[in-house]
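Q: I'm new to this one. Could you walk me through how to read it?
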Amino acid sequence: MIQLNNVCWGFIGCGEVTEKKSGPAFNMIDGSKVVAVMSRDEEKVKSYARRHNIPRWYTDAQELIGDEDVNAIYIATPPSSHATFAIMAMKAGKPVYIEKPMAASYEDCARINRISQETGVPCFVAYYRRYLPYFQKVRQLVEEGEIGNVINVQIRFAQPPRALDYNSTNLPWRVQPDIAGGGYFYDLAPHQLDFLQEMFGCILEAEGYTSNRGGLYQAEDTISACFQFDNGLVGSGSWCFVADDSAREDRIEIIGDKGMICFSVFTYDPIALHTEKGREEIPIANPLYVQQPLIQAVVDHLLGKSVCTCDGESATLTNWVMDKILGKI
């Protein structure tokens, strides 16, 4: 078991997620600091290091991993490179914290887990919604029986195309399956599916139908799916990434025999509790840097203070479900 006295992070990747959701949080936690950052784009990484007061920068991942002052690695690159960088880091004895989805395929997730087991080096995945107050409140309502026994779960998500989706000569990596694992479904649905599995257990069966209705790119843009958890609970989901703005939706419904809970995953609309008493809205605020509670749990784990269960094995379950829905396995 690896136990560190201080967690000295090296970032592989310094894109938008590290600016807005995660990066600053690493330096806000006792026993944690960022000491190096890497990007293939020299000007970008130099600017990032300067703006965030990070002592060293690299344009080569192996050099960052080999830095003796770095003892943990945050991988914030597109999914197709997650397995390569994670395996490099773990073979060097350095724990990894990987952006979601864990990898571009279930098979790559299994490779990461195998190396983690062989080396004894832990792997964590950034399913940070498990630790956010908003989603912990949803879980509390379910566990306290506010809606009775849960009998069905439904996911509904729709959004219009993004401006870059219309640029056929320079499409975003998130709609390139060889880089992302799929289209926007592979980028956004993991948060929904991970949280539901965290609450209700493993999804053991999943089936999906996919289509490309907008013709903006080759990846699927419309998906319908059904799934069943190991406790017998059944659920369904629909995702559309080429909807009109008037059809925009971000909603999960947990239906019980005494009521229903409705909540969003990306917009954090007030949680709506429907019972015989009527409809109650519950607003819950999240921290400025939404990954901070999970990063705190990861750091505490590496310092030997507690155990963080947001690990590679639990994250792999979500890749399996997505690959089943998309017909990849």
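A: Sure, let's begin with naming: helices (H or I, at least four residues) and strands (E, at least two) are DSSP runs, numbered from the N terminus. This is a predicted model, where local features need pLDDT of at least 70, side-chain atom pairs count only at pLDDT 80 or more, and totals for chains, interfaces and linings use all residues. Residues are numbered from 1 along each chain as its sequence is written, and side-chain values use heavy atoms, with hydrogens and water left out.

Q: What phi does Gly304 take, just after H9?
A: Gly304 has a positive phi of about 80° there.

Q: Why is helix H9 largely enclosed by the rest of the structure?
A: Buried means under 20% relative accessible area, exposed over 50%, partly exposed in between (1.4 Å probe, protein chains only). H9 (residues 292-302) has eight of its 11 residues buried, so the rest of the structure largely encloses it. Among them are Leu294, Asp300 and His301.

Q: How do I describe two packed helices?
A: Give the angle between their axes and the distance between the axes. Axes are lines fitted to C-alpha atoms, for helices over the stretch in contact, and angles run from 0 to 180 degrees between N-to-C directions. Here H6 (residues 133-143) packs with H8 (residues 184-200) at about 35°, the axes being 11 Å apart. Contact means heavy atoms within 4.5 Å; on the H6 side it involves Phe135, Val138, Arg139 and Val142.

Q: How do strands S11 and S12 pair?
A: Two strands pair if DSSP finds at least two bridges between them. S11 (residues 249-256) and S12 (residues 259-263) are antiparallel, with five bridges, and Ile252 sits opposite Phe263 in S12.
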